[in-house]
Amino acid sequence: MAILSRSVMHAKRILSRSSLLANQEASIPKGFFAVYVGESEKKRFVVPISVLNQPSFQELLRKAEEEFGFNHPMGGLTLPCREDIFIDTISSINSM
């Protein structure tokens with residue numbers, strides 16, 4: 001439970017520092033958040049907050065923290081991975 005709380009708090013810190021996400025908040029349903037994924041061109045995805053407690057998504061958060069800290073270039077949570085890897089990760093989480 002402590003790991004889940006820590007991960008959720010980490011994600012909330014990242015999201016709370018995002019001015020772009022705050023501006024787009026109306027377009028994001030409650031219980032979801034936006035992430036930007038891709039190597040050269042970033043694509044926006046809206047994902048459920050339930051993914052935050054999944055180990056595979058937590059690994060993406062750790063990589064984002066290592067690469068960007070709390071300074072995300074897109075203004076929202078940016079994950080440093082290819083789009084196809086992100087889609088595979090989210091698909092495997094949703095199929096559980």
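This report describes the fold, the nonpolar core, the aromatic pairs and two individual residues of a predicted model.

**Overall fold**

The protein chain has 96 residues, of which 38% are buried. Its secondary structure comes to four helices and three strands, and, read along the sequence, these elements follow the pattern α-α-β-β-α-β-α. Among the contacts in the chain with a separation of 6 or more, 51% are accounted for by residues 24 or more positions apart. The accessible surface of the protein chain comes to about 5,900 Å², and carbon and sulfur atoms hold 54% of that surface.

**The nonpolar core**

The largest nonpolar core has 17 residues, and the members that touch the most others are Phe33, Val35, Val47, Phe57, Leu79 and Phe86. Two or more residues of this core come from each of S1, S2, H3, strand S3 (77-79) and H4, with H3 giving the most, namely four residues.

**Packing of H3 against H4**

Helix H3, which spans residues 55-68, packs with helix H4, which spans residues 83-94, at an angle of about 150°, and the two axes are 9 Å apart. On the H3 side the contact is made by Ser56, Phe57 and Leu60, while H4 contributes Phe86, Thr89, Ile90 and Ile93. Sorted by class, this contact has five nonpolar residues, two polar residues and no charged residues.

Thr89, whose place is in helix H4, is one of the residues in that contact. Is Thr89 buried or exposed? Its relative accessibility is 12%, and because buried means under 20%, Thr89 counts as buried. Leaving aside neighbours within four places in sequence, Thr89 is in contact with Ser56, Phe57 and Leu60, and these three residues belong to H3.

**Aromatic pairs**

A pair of aromatic rings is described by the distance of the centres and the angle of the planes. In this model the count comes to two aromatic pairs, which are set out below.

| Pair | Centre to centre | Angle between planes | Arrangement |
|---|---|---|---|
| Phe33 and Phe57 | 6.0 Å | 75° | edge-to-face |
| Phe45 and Phe86 | 5.0 Å | 50° | tilted |

Why is the pair of Phe33 and Phe57 edge-to-face? The planes of these rings stand at 75°, and planes over 60 degrees apart count as edge-to-face. Phe33 lies in strand S1 (residues 32-37) and Phe57 in helix H3, so this pair ties together parts that are 24 residues apart in sequence. Phe33 and Phe57 are both buried, and both appear among the core residues that touch the most other members.

In the pair of Phe45 and Phe86, Phe45 lies in strand S2 (residues 43-48) and Phe86 in helix H4, so the parts tied together are 41 residues apart in sequence. Both of these residues are buried. Phe86 also takes part in the contact between H3 and H4, and Phe86 is listed with the core members that touch the most others.

**A residue in the loop between S1 and S2**

Lys42 has its place in the loop between S1 and S2. At 25% relative accessibility, Lys42 counts as partly exposed, because that class lies between the limits of 20% for buried and 50% for exposed. The C-alpha atoms of Lys42 and Leu79 are separated by 9.3 Å, although the two residues are 37 residues apart along the chain. Leu79 is itself one of the core residues that touch the most other members.

Technical notes
Residues numbered from 1 in each chain as written. Predicted model: local features only at pLDDT ≥ 70, side-chain atom pairs only at ≥ 80, totals over all residues. Heavy atoms only, no water. Axes fitted to C-alpha atoms, helices over the stretch in contact; angles between N-to-C directions. Contact = heavy atoms within 4.5 Å. Nonpolar A, V, L, I, M, F, W, Y, C, P; charged D, E, K, R; others polar. Phe/Tyr/Trp six-rings, centres within 6.5 Å; stacked < 30°, edge-to-face > 60°. Buried < 20%, exposed > 50% of the residue type's maximum accessible area, 1.4 Å probe, protein only. Areas by Shrake-Rupley, 256 points an atom, 1.4 Å probe, with all protein chains shown as cover. Core = buried A, V, L, I, M, F, W, Y, C linked by side-chain atoms within 4.5 Å.
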